[in-house]
Amino acid sequence: MKIKLITLLLIFTSQLMALVSIQPVEIGEQKGVSGGIEIGLETKRGNTDKDSYKGDIKVMYDSNASYLTWLEISGEYGEANNVEDTNKIYAHLRYIHKLTQETIRYEAFLQTQEDKFKAIEYRRLAGAGLRFKIFNTPIGGKGYYGLGAFYEDIRYTNPAIDPDENEVRVNTYLAYAINFSKKSSLAYTLYYQPIIDEFNDYVLTNQLELTLQVYEQLYLKFSASYDRDSRPPKGIKKKYDFTQSTTFVYKF
(Lines give C-alpha, C1' and ligand atoms only; values in the text may rest on other atoms or scores of the structure.)
Protein backbone atom coordinates (compact mmCIF):
# COMPACT_ATOMS: atom_id res chain seq x y z
CA MET A 1 0.00 0.00 0.00
CA LYS A 2 2.82 2.43 0.88
CA ILE A 3 4.58 1.74 -2.41
CA LYS A 4 1.37 2.47 -4.33
CA LEU A 5 0.89 5.78 -2.49
CA ILE A 6 4.48 6.86 -3.19
CA THR A 7 4.18 5.94 -6.88
CA LEU A 8 0.92 7.85 -7.26
CA LEU A 9 2.32 10.99 -5.70
CA LEU A 10 5.51 10.88 -7.77
CA ILE A 11 3.32 10.84 -10.88
CA PHE A 12 1.16 13.63 -9.43
CA THR A 13 4.04 15.95 -8.52
CA SER A 14 5.88 15.40 -11.79
CA GLN A 15 2.86 16.86 -13.59
CA LEU A 16 2.32 19.82 -11.27
CA MET A 17 5.45 21.76 -11.66
CA ALA A 18 6.00 23.83 -2.38
CA LEU A 19 8.34 24.15 0.08
CA VAL A 20 10.32 21.16 1.29
CA SER A 21 9.99 20.01 4.86
CA ILE A 22 12.37 21.97 7.08
CA GLN A 23 12.15 19.73 10.15
CA PRO A 24 15.80 18.93 11.06
CA VAL A 25 16.58 15.23 11.34
CA GLU A 26 19.09 13.30 13.44
CA ILE A 27 20.74 9.94 12.78
CA GLY A 28 19.04 7.19 14.76
CA GLU A 29 15.70 8.93 15.35
CA GLN A 30 13.75 6.90 12.77
CA LYS A 31 15.52 3.66 11.89
CA GLY A 32 14.92 2.30 8.41
CA VAL A 33 12.67 3.79 5.73
CA SER A 34 10.26 6.62 6.56
CA GLY A 35 8.81 9.66 4.86
CA GLY A 36 5.78 11.78 4.16
CA ILE A 37 3.35 12.82 1.44
CA GLU A 38 2.03 16.39 1.39
CA ILE A 39 -0.82 17.78 -0.70
CA GLY A 40 -2.43 21.21 -0.86
CA LEU A 41 -5.36 22.21 -3.09
CA GLU A 42 -7.15 25.55 -3.52
CA THR A 43 -10.12 26.38 -5.75
CA LYS A 44 -11.98 29.71 -6.08
CA ARG A 45 -14.99 30.49 -8.26
CA GLY A 46 -16.98 33.70 -8.66
CA ASN A 47 -15.34 37.11 -9.00
CA THR A 48 -11.99 35.31 -9.18
CA ASP A 49 -11.42 31.94 -10.76
CA LYS A 50 -8.32 30.38 -9.25
CA ASP A 51 -6.89 26.88 -9.00
CA SER A 52 -3.64 25.99 -7.26
CA TYR A 53 -2.04 22.65 -6.46
CA LYS A 54 0.92 21.72 -4.29
CA GLY A 55 2.56 18.35 -3.81
CA ASP A 56 5.58 17.12 -1.87
CA ILE A 57 7.06 13.70 -1.19
CA LYS A 58 9.98 12.85 1.07
CA VAL A 59 11.56 9.42 1.45
CA MET A 60 14.36 8.90 4.01
CA TYR A 61 16.59 6.00 5.04
CA ASP A 62 18.23 6.06 8.48
CA SER A 63 20.94 3.47 9.16
CA ASN A 64 20.45 4.03 12.92
CA ALA A 65 24.24 3.95 13.27
CA SER A 66 26.36 6.25 11.14
CA TYR A 67 24.39 7.91 8.33
CA LEU A 68 21.05 8.86 6.84
CA THR A 69 19.96 9.98 3.39
CA TRP A 70 16.78 11.42 1.92
CA LEU A 71 15.18 12.48 -1.34
CA GLU A 72 12.50 15.18 -1.51
CA ILE A 73 10.48 16.29 -4.54
CA SER A 74 8.18 19.29 -4.40
CA GLY A 75 5.99 20.98 -7.00
CA GLU A 76 3.44 23.77 -7.34
CA TYR A 77 1.16 24.88 -10.15
CA GLY A 78 -1.51 27.60 -10.25
CA GLU A 79 -3.87 29.48 -12.55
CA ALA A 80 -5.91 32.68 -12.00
CA ASN A 81 -8.75 33.43 -14.43
CA ASN A 82 -7.39 30.67 -16.68
CA VAL A 83 -3.95 32.33 -16.85
CA GLU A 84 -1.00 30.42 -15.46
CA ASP A 85 0.62 32.28 -12.54
CA THR A 86 2.66 29.60 -10.75
CA ASN A 87 4.81 26.84 -12.20
CA LYS A 88 7.75 25.43 -10.28
CA ILE A 89 9.38 22.17 -9.24
CA TYR A 90 12.16 21.32 -6.81
CA ALA A 91 14.15 18.17 -5.98
CA HIS A 92 16.77 17.69 -3.26
CA LEU A 93 18.98 14.73 -2.37
CA ARG A 94 21.06 14.83 0.84
CA TYR A 95 23.45 12.48 2.67
CA ILE A 96 24.51 13.04 6.32
CA HIS A 97 27.28 11.05 8.04
CA LYS A 98 28.59 11.06 11.62
CA LEU A 99 32.05 12.46 12.33
CA THR A 100 31.62 12.43 16.12
CA GLN A 101 29.06 10.54 18.17
CA GLU A 102 26.93 13.54 19.20
CA THR A 103 27.94 16.85 17.66
CA ILE A 104 29.59 16.94 14.23
CA ARG A 105 28.32 15.58 10.91
CA TYR A 106 29.37 16.07 7.31
CA GLU A 107 26.80 16.33 4.57
CA ALA A 108 26.68 16.32 0.78
CA PHE A 109 23.76 17.29 -1.42
CA LEU A 110 22.46 17.67 -4.96
CA GLN A 111 19.59 19.95 -5.95
CA THR A 112 17.67 21.01 -9.03
CA GLN A 113 14.78 23.41 -9.46
CA GLU A 114 12.74 25.24 -12.08
CA ASP A 115 10.61 28.35 -11.56
CA LYS A 116 8.96 29.86 -14.62
CA PHE A 117 7.80 33.03 -12.84
CA LYS A 118 11.25 33.76 -11.42
CA ALA A 119 12.63 33.40 -14.98
CA ILE A 120 14.65 30.31 -13.96
CA GLU A 121 14.76 27.63 -16.65
CA TYR A 122 16.85 25.55 -14.24
CA ARG A 123 19.08 25.95 -11.20
CA ARG A 124 21.35 23.01 -10.43
CA LEU A 125 23.82 22.75 -7.60
CA ALA A 126 26.10 20.31 -5.82
CA GLY A 127 27.65 20.96 -2.44
CA ALA A 128 29.04 19.69 0.85
CA GLY A 129 29.76 20.95 4.33
CA LEU A 130 29.77 20.38 8.08
CA ARG A 131 26.73 20.26 10.35
CA PHE A 132 27.04 21.02 14.08
CA LYS A 133 24.50 20.30 16.80
CA ILE A 134 24.56 23.50 18.85
CA PHE A 135 21.98 22.57 21.50
CA ASN A 136 19.55 19.85 22.57
CA THR A 137 16.98 20.72 25.25
CA PRO A 138 15.13 18.38 27.63
CA ILE A 139 11.74 19.55 26.27
CA GLY A 140 12.48 18.26 22.77
CA GLY A 141 14.23 21.25 21.22
CA LYS A 142 17.27 20.86 18.99
CA GLY A 143 19.37 23.29 16.99
CA TYR A 144 21.94 22.94 14.21
CA TYR A 145 24.44 25.16 12.44
CA GLY A 146 25.71 24.29 8.97
CA LEU A 147 28.69 25.66 7.05
CA GLY A 148 29.85 24.62 3.59
CA ALA A 149 29.82 25.58 -0.07
CA PHE A 150 28.20 24.57 -3.34
CA TYR A 151 28.69 25.00 -7.07
CA GLU A 152 25.71 26.57 -8.83
CA ASP A 153 24.69 26.43 -12.49
CA ILE A 154 21.75 28.66 -13.49
CA ARG A 155 20.09 29.09 -16.87
CA TYR A 156 17.43 31.79 -17.20
CA THR A 157 14.41 31.72 -19.49
CA ASN A 158 15.68 34.80 -21.39
CA PRO A 159 19.47 34.35 -21.81
CA ALA A 160 19.70 37.45 -24.01
CA ILE A 161 18.86 39.57 -20.95
CA ASP A 162 20.18 37.32 -18.21
CA PRO A 163 23.18 35.22 -19.27
CA ASP A 164 23.90 31.87 -17.63
CA GLU A 165 25.55 31.95 -14.21
CA ASN A 166 28.17 29.53 -12.89
CA GLU A 167 29.60 30.27 -9.48
CA VAL A 168 30.52 28.97 -6.04
CA ARG A 169 28.43 30.09 -3.07
CA VAL A 170 28.97 29.81 0.65
CA ASN A 171 26.22 27.79 2.28
CA THR A 172 25.47 28.62 5.90
CA TYR A 173 22.32 27.92 7.88
CA LEU A 174 20.65 27.71 11.26
CA ALA A 175 17.93 25.12 11.89
CA TYR A 176 15.80 24.83 15.02
CA ALA A 177 12.91 22.56 16.04
CA ILE A 178 10.88 22.06 19.18
CA ASN A 179 8.40 19.26 19.84
CA PHE A 180 5.27 20.21 21.76
CA SER A 181 4.42 16.52 21.98
CA LYS A 182 5.44 13.33 20.19
CA LYS A 183 3.22 14.34 17.28
CA SER A 184 3.34 18.16 17.07
CA SER A 185 6.29 20.45 16.38
CA LEU A 186 7.52 23.89 15.36
CA ALA A 187 10.57 24.31 13.11
CA TYR A 188 12.52 27.28 11.70
CA THR A 189 15.46 27.55 9.30
CA LEU A 190 17.56 30.46 8.06
CA TYR A 191 19.81 30.08 5.00
CA TYR A 192 22.38 32.68 3.88
CA GLN A 193 24.12 31.89 0.58
CA PRO A 194 26.46 34.58 -0.80
CA ILE A 195 28.81 34.20 -3.77
CA ILE A 196 32.12 33.19 -2.27
CA ASP A 197 34.05 36.28 -3.48
CA GLU A 198 31.13 38.76 -3.62
CA PHE A 199 29.09 38.81 -0.42
CA ASN A 200 26.78 41.56 -1.73
CA ASP A 201 25.30 38.98 -4.11
CA TYR A 202 23.38 36.63 -1.85
CA VAL A 203 20.25 34.54 -1.42
CA LEU A 204 18.51 34.67 1.97
CA THR A 205 15.77 32.20 2.95
CA ASN A 206 13.61 32.11 6.09
CA GLN A 207 11.17 29.24 6.65
CA LEU A 208 8.76 28.61 9.54
CA GLU A 209 6.68 25.44 9.89
CA LEU A 210 4.06 24.32 12.43
CA THR A 211 2.95 20.67 12.21
CA LEU A 212 -0.03 19.33 14.17
CA GLN A 213 -1.36 15.80 14.31
CA VAL A 214 -4.95 15.46 13.10
CA TYR A 215 -5.49 11.70 13.26
CA GLU A 216 -2.98 8.86 13.51
CA GLN A 217 -0.58 9.40 10.54
CA LEU A 218 -2.41 12.45 9.14
CA TYR A 219 -1.05 15.91 9.99
CA LEU A 220 -1.94 19.53 9.27
CA LYS A 221 0.99 21.78 8.38
CA PHE A 222 1.10 25.59 8.45
CA SER A 223 4.17 27.03 6.75
CA ALA A 224 5.52 30.44 5.80
CA SER A 225 8.63 31.49 3.92
CA TYR A 226 10.40 34.73 3.06
CA ASP A 227 13.05 34.56 0.32
CA ARG A 228 15.29 37.42 -0.79
CA ASP A 229 17.61 37.51 -3.81
CA SER A 230 19.87 40.57 -3.67
CA ARG A 231 20.37 40.46 -7.46
CA PRO A 232 17.37 38.82 -9.13
CA PRO A 233 17.11 38.38 -12.93
CA LYS A 234 16.53 41.66 -14.78
CA GLY A 235 12.98 40.73 -15.72
CA ILE A 236 11.97 40.19 -12.07
CA LYS A 237 10.68 43.36 -10.39
CA LYS A 238 10.92 42.45 -6.70
CA LYS A 239 13.84 41.07 -4.74
CA TYR A 240 11.69 39.09 -2.33
CA ASP A 241 8.92 36.48 -2.23
CA PHE A 242 6.60 35.67 0.67
CA THR A 243 4.60 32.45 0.75
CA GLN A 244 2.11 31.09 3.28
CA SER A 245 0.41 27.74 2.88
CA THR A 246 -1.69 25.17 4.72
CA THR A 247 -1.39 21.54 3.67
CA PHE A 248 -2.19 18.01 4.78
CA VAL A 249 0.68 15.57 5.35
CA TYR A 250 0.53 11.77 5.52
CA LYS A 251 3.57 10.31 7.30
CA PHE A 252 4.72 6.73 6.86
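This report describes the fold, overall dimensions, surface and one nonpolar patch of a single protein chain.

The model is predicted. Its secondary structure amounts to 1 helix and 12 strands. In sequence order the elements run α-β-β-β-β-β-β-β-β-β-β-β-β, with the helix placed ahead of the strands.

The overall dimensions come next. For a chain of 252 residues, a compact globule would be expected to have a radius of gyration near 18 Å, and the value of 19 Å for the protein chain agrees with this. Along the principal axes, the C-alpha atoms occupy a box of roughly 50 × 50 × 30 Å.

The following table collects values for the whole chain.

| Property of the protein chain | Value |
|---|---|
| Radius of gyration | 19 Å |
| Residues counted as buried | 44% of 252 residues |
| Exposed area | about 13700 Å² |
| Share of exposed area from carbon and sulfur atoms | 59% |
| Distance between mean positions of positive and negative charges | 5 Å |

The charge entry rests on 31 positive and 32 negative charges, whose mean positions are 5 Å apart.

On the surface, Val 214, Tyr 215, Leu 218 and Phe 248 make a nonpolar patch of about 400 Å². Val 214, one of these residues, belongs to strand β10, which spans residues 198–215. Why can Val 214 count as partly exposed? Its relative accessible area is 46%, and the partly exposed class lies between 20% and 50%. Because patch residues must have over 30% relative accessible area, the value of 46% for Val 214 satisfies that requirement.

Technical notes: Residues are numbered from 1 along each chain as its sequence is written. This is a predicted model: local features need pLDDT of at least 70, side-chain atom pairs count only at pLDDT 80 or more; totals for chains, interfaces and linings use all residues. Side-chain values use heavy atoms; hydrogens and water are left out. Patches are made of residues with over 30% relative accessible area and no salt bridge: like charges are joined within 9 Å, nonpolar side chains (Val, Leu, Ile, Met, Phe, Trp, Tyr) within 5 Å. Accessible areas come from the Shrake-Rupley method with a 1.4 Å probe; for residues, only the protein chains shown count as cover. A salt bridge is a side-chain nitrogen of Lys or Arg within 4 Å of a carboxyl oxygen of Asp or Glu. Helices (H or I, at least four residues) and strands (E, at least two) are DSSP runs, numbered from the N terminus. Buried means under 20% relative accessible area, exposed over 50%, partly exposed in between (1.4 Å probe, protein chains only). The radius of gyration is taken over C-alpha atoms; the globule rule is 2.2 Å times the number of residues to the power 0.38. Lys and Arg count as positive and Asp and Glu as negative; His and the chain ends are not counted. The place of a charge is taken as NZ of Lys, CZ of Arg, CG of Asp or CD of Glu.
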